[in-house]
Amino acid sequence: MYSEKVMDHFSNPRNVGEIEDANGVGQVGNAKCGDIMKMYLKIEDNIIVDAKFKTFGCGAAVATSSMATELVRGKTVEEAMKITNNAVAEALDGLPPAKMHCSNLAQEAIAAALEDYRRKSGLAPDESVDCNGCCDSCNHSHGREEDFED
Amino acid sequence: MKNAIKENTILISIMFANNEIGTIQPIQEIGAIAREKGILFHTDAVQAVGNIPIDVEKMNIDLLSLAGHKFYGPKGMGALYIRKGVKISSLILGGQQERGKRASTENIPGIIGLGKAIELATKNIDEYNKKLLNLREKTIEGLMAKVPFIRLNGHRSNRLPGNVNISFQFIEGESLLLMLDMKGVCGSSGSACSSGSLDPSHVLMAIGLPHEIAHGSLRLTFGDDNTEEDVAYILEEIPKIVTKLRDMSPLYEVVKNNK
């Protein structure tokens with residue numbers, strides 16, 4: 001079911017942990033859904049110098065969080081904002097359709113952490129980020145049939 | 001159940017033993033109630049046959065379902081026991097096979113295999129039972145002693161002799177299964193992620209578990225080929241896996257920091 005890359009990121013996840021002096025922390029998902037991702041970012045001079053994660057979730061959830069931290073490291077805040085769920089999935093050589101929502105969650109975790117950073121630095125909030133971490137209040141796909149209608 | 005019986009109740013159908021959490025129902029007592037009220041009693045005994053001695057007379061069972069793959073019989077074969085005198089409508093219309101109840105040429109090799117398998121499975125049922133019970137108990141007691149924040153699902157003693165179902169707090173079932181699989185252990189889980197639906201096991205929800213505890217459940221079942229070495233191996237590997245997953249979990253973080 002899972003690609004080699006996914007299994008690698010699951011068995012040997014990169015960047016697991018917390019950043020004590022993180023200046024951007026975001027947590028998305030909830031226990032009801034069975035997926036919770038927490039992303040810690042250390043940003044200096046607009047560059048993400050360190051990223052760590054903690055995840056409660058399935059193999060895809062762990063792999064996408066791990067990959068997400070790898071993708072944001074070294075990027076500017078603006079570049080990190082542009083990382084899409086598809087980019088995360090592609091970097092992992094793809095995910096089964098039912099697991100694509102994990103890549104959504106990973107992208108939202110990044111967005112939430114960056115939003116937190118923006119708030120803490122007194123910058124204007126990003127209106128495009130409307131996820132408050134609860135399942136179903138966002139429009140992202142959960143891999144259900146009705147989500148593939150289009 | 002007694003209170004659920006109404007004037008127009010014509011059938012009572014209760015699972016003999018639950019496949020997920022292993023709990024065994026009081027079938028004999030239920031059968032007695034059904035007989036007293038003149039209501040037909042069916043039981044799905046798929047998990048029970050070969051594990052628990054079943055006497056349809058003593059237990060007042062009118063209809064019983066069983067399936068071969070649960071007692072080392074051929075996969076794709078099952079049977080419905082129907083007490084003489086109980087009338088049911090045809091399942092498939094067409095030819096007159098199976099006394100007109102199920103048309104279509106019978107799977108003779110499958111049927112013979114099923115019959116032989118039941119014969120073998122029920123021959124030394126007490127001995128088999130004792131062996132599985134030992135493996136089950138060692139596993140449950142061992143995990144309870146070695147791993148904190150866990151709970152056993154289902155009745156502690158009145159459960160299938162080989163069934164272990166435990167919820168591990170702060171971690172998720174599919175991850176647990178993947179890691180166990182890498183170590184050569186096959187199990188199943190009640191987590192939503194491992195089933196492809198959005199909801200965790202309806203059984204675990206029905207016994208009142210909160211979602212996150214249901215998501216962290218693991219079911220292991222022992223069988224003919226399992227040994228005490230297998231139990232020792234499981235007791236060695238599971239705690240390591242749980243620790244690794246908890247170290248990754250934002251939920252465990254909260255608990256750790258509060259210690």
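**Cysteines, cores and openings in a two-chain model**

The sulfur of A:C102 sits 3.9 Å from the closest cysteine sulfur, in A:C58, which is too far for a bond. Keep in mind that this is a predicted model, so the distance comes from computed coordinates. A disulfide is a covalent bond between the sulfur atoms of two cysteines. To count as one here, the two sulfur atoms have to be within 2.5 Å, and at 3.9 Å the A:C102 and A:C58 pair therefore misses out. Over all chains, the structure holds 0 disulfides. As for their surroundings, A:C58 is buried, with a relative accessible area of 0%, and A:C102 is buried too, again with 0%.

Let's move on to the nonpolar packing. In soluble globular proteins, nonpolar side chains tend to be buried together. In this model the largest nonpolar core has 66 residues, and the ones with the most contacts inside it are A:L41, B:F168, B:L176 and B:I238. Helix α5 of chain A, residues 100-120, gives the largest share of this core, with 10 residues. There is also a second, separate core of 25 residues, and B:F16, B:A34, B:V49 and B:F71 are among its members. Going back to B:I238, what does it touch once residues up to four places away in sequence are set aside? The partners are B:L143, B:F168, B:L180, B:L218 and B:L220.

Now for the empty space. The largest pocket holds about 880 Å³. Its lining counts 24 residues, and B:L80, B:I82, B:E98, B:K101 and B:R102 are the closest to its centre. Three elements of chain B, namely β3 (63-67), β4 (78-82) and α2 (108-123), each supply at least two residues of that lining. Which element gives the largest share of the pocket lining? That would be β4(B), with 4 residues. By class, the pocket lining splits into 10 nonpolar, 7 polar and 7 charged residues.

Closed space is a shorter story, with a count of 1 cavity of 30 Å³ or more. The volume of the largest cavity is about 50 Å³. Chain A contributes A:T55, A:F56, A:G57 and A:V62 to its lining, while chain B brings B:F170, B:I171, B:E172, B:S175, B:L245, B:M248 and B:S249. That cavity lining has 6 nonpolar, 4 polar and 1 charged residues.

Next, a couple of backbone spots to click on. Most residues other than glycine have a negative phi, and most peptide bonds are trans. A:N46 has a positive phi, near 70°, and is a residue other than glycine. You'll find A:N46 in the loop between β2 (35-44) and β3 (47-56) of chain A. A:N46 counts as partly exposed because its relative accessible area is 29%. A:D93 is another one, with a positive phi of about 65° although it is not a glycine. A:D93 lies in the loop between α4 (85-91) and α5 of chain A. Is A:D93 buried or exposed? Its relative accessibility is 51%, so A:D93 counts as exposed.

One last stop is B:L133, in helix α3 (residues 125-146) of chain B. B:L133 has 35% relative accessibility and so counts as partly exposed. Measure from its C-alpha to that of B:L93 and you get 44 Å in space, for two residues 40 apart in sequence.

Note on methods
Residues are numbered from 1 along each chain as its sequence is written. Chains are lettered from A and ligands numbered from 1 in the order in which they are written. This is a predicted model: local features need pLDDT of at least 70, side-chain atom pairs count only at pLDDT 80 or more; totals for chains, interfaces and linings use all residues. Side-chain values use heavy atoms; hydrogens and water are left out. Buried means under 20% relative accessible area, exposed over 50%, partly exposed in between (1.4 Å probe, protein chains only). On a 1 Å grid over the protein atoms alone, a cavity is a set of points where a 1.4 Å probe fits but cannot get out, and a pocket is an open set with protein on both sides within 12 Å along at least five of seven lines; lining residues have an atom within 4 Å of a point. Grid points are joined across faces, edges and corners, and a volume is the space filled by probe spheres set on the points. Ala, Val, Leu, Ile, Met, Phe, Trp, Tyr, Cys and Pro count as nonpolar, Asp, Glu, Lys and Arg as charged, and the others, Gly among them, as polar. A nonpolar core is a set of buried Ala, Val, Leu, Ile, Met, Phe, Trp, Tyr and Cys residues joined through side-chain atoms within 4.5 Å. Contact means heavy atoms within 4.5 Å.
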